[in-house]
Amino acid sequence: MYESVRDVVGPKWTLEILRLLSEKGSSGWMNYTEIASGVEETSSDVVSDRLSVLKKHNLIERNEESSRDVRYSI
């Protein structure tokens, strides 16, 4: 489905999400709301899609404690 690095990280907001996660330092975990707040000018569907693609390609980790407590990290 994805042929190159550009296909994975090239879509708008993907690099911004990675930047937000990388700035968290050693704790590194952010919940969805924190990520969405960091990229205010986009829809929640776009943020969800970008997180799914990044997870699929093992660029981020997803930790689901419960359906309401999901956190992401690089």
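## The sheet

Strand 1 and strand 3 run antiparallel and are joined by two bridges. Keep in mind that this is a predicted model. Across that pairing, Asn31 sits opposite Arg71 of strand 3. The whole sheet is an open one, with three strands in the order 1-3-2 and antiparallel pairing. Strand 1 and strand 2 (61-66) are the edge strands: each has a single partner, so one side of each has no neighbour in the sheet.

## Salt bridges

How many salt bridges does the structure hold? There are four, and three of them are described here, starting with one in the sheet's own strand 3. Arg71, the residue facing Asn31, also pairs through its side chain with Asp69, at 3.4 Å from N to O. Arg71 counts as partly exposed, because its relative accessibility is 31%. Asp69 lands in that class too, with a relative accessible area of 27%.

Next up is Glu64 with Arg62, whose side chains meet in a salt bridge at 2.7 Å, N to O. Glu64 has 44% relative accessibility, so it is partly exposed. Arg62 is partly exposed as well, at 39%. Then there's Glu23 with Arg19, where the closest N and O atoms are 3.1 Å apart. Is Glu23 buried or exposed? At 53% relative accessibility it is past the 50% cut-off, so Glu23 counts as exposed. Arg19, at 38%, is partly exposed. The general idea behind such pairs is simple: side chains of opposite charge can pair when their charged atoms come close.

## Helix 2

Helix 2 covers residues 14-22, and its buried residues are Thr14, Ile17, Leu18, Leu20 and Leu21. Why do they end up on the same side of the helix? Because they cover an arc of only 160° around the axis.

What do those buried residues pack against? Helical partners are helix 1 (5-9), helix 3 (32-38) and helix 4 (44-56). From the sheet, strand 1 (30-31) and strand 3 (69-73) join in.

## Helix 4

The length of helix 4 checks out: its 13 residues should span 18 Å at 1.5 Å a residue, and the end C-alpha atoms are indeed 18 Å apart. Val47, Arg50, Leu51, Val53 and Leu54 are buried in this helix. Their arc around the axis is only 165°, which places them on the same side of helix 4. An arginine is on that buried list, namely Arg50.

Turn to the face pointing away from the buried side and you find the exposed residues Asp45 and Lys56. The cover over the buried residues includes helix 1, helix 2, helix 3 and strand 3. After helix 4 comes Asn58, which has a positive phi, near 55°.

## Two threonines and Val47

Thr42 is located in the loop between helix 3 and helix 4. Leaving out residues up to four places away in sequence, Thr42 touches Trp13 and Val47. With Trp13 there is also a polar contact, side chain to side chain, at 3.4 Å. Val47, the other residue Thr42 touches, is one of the buried residues of helix 4.

Thr33 is in helix 3. Its relative accessibility is 54%, so Thr33 counts as exposed. The C-alpha atoms of Thr33 and Val47 are separated by 10.0 Å, with the two residues 14 apart along the chain.

Definitions and conventions. Residues are numbered from 1 along each chain as its sequence is written. This is a predicted model: local features need pLDDT of at least 70, side-chain atom pairs count only at pLDDT 80 or more; totals for chains, interfaces and linings use all residues. Side-chain values use heavy atoms; hydrogens and water are left out. Buried means under 20% relative accessible area, exposed over 50%, partly exposed in between (1.4 Å probe, protein chains only). Helices (H or I, at least four residues) and strands (E, at least two) are DSSP runs, numbered from the N terminus. The arc is that of the directions from the helix axis to the C-beta atoms. Contact means heavy atoms within 4.5 Å. A polar contact is a pair of N or O atoms within 3.5 Å; within protein, one must be able to donate a hydrogen and the other to accept it, and residues adjacent in sequence count only if both atoms are side-chain atoms. Two strands pair if DSSP finds at least two bridges between them. The expected span of a helix is 1.5 Å times one less than its number of residues.
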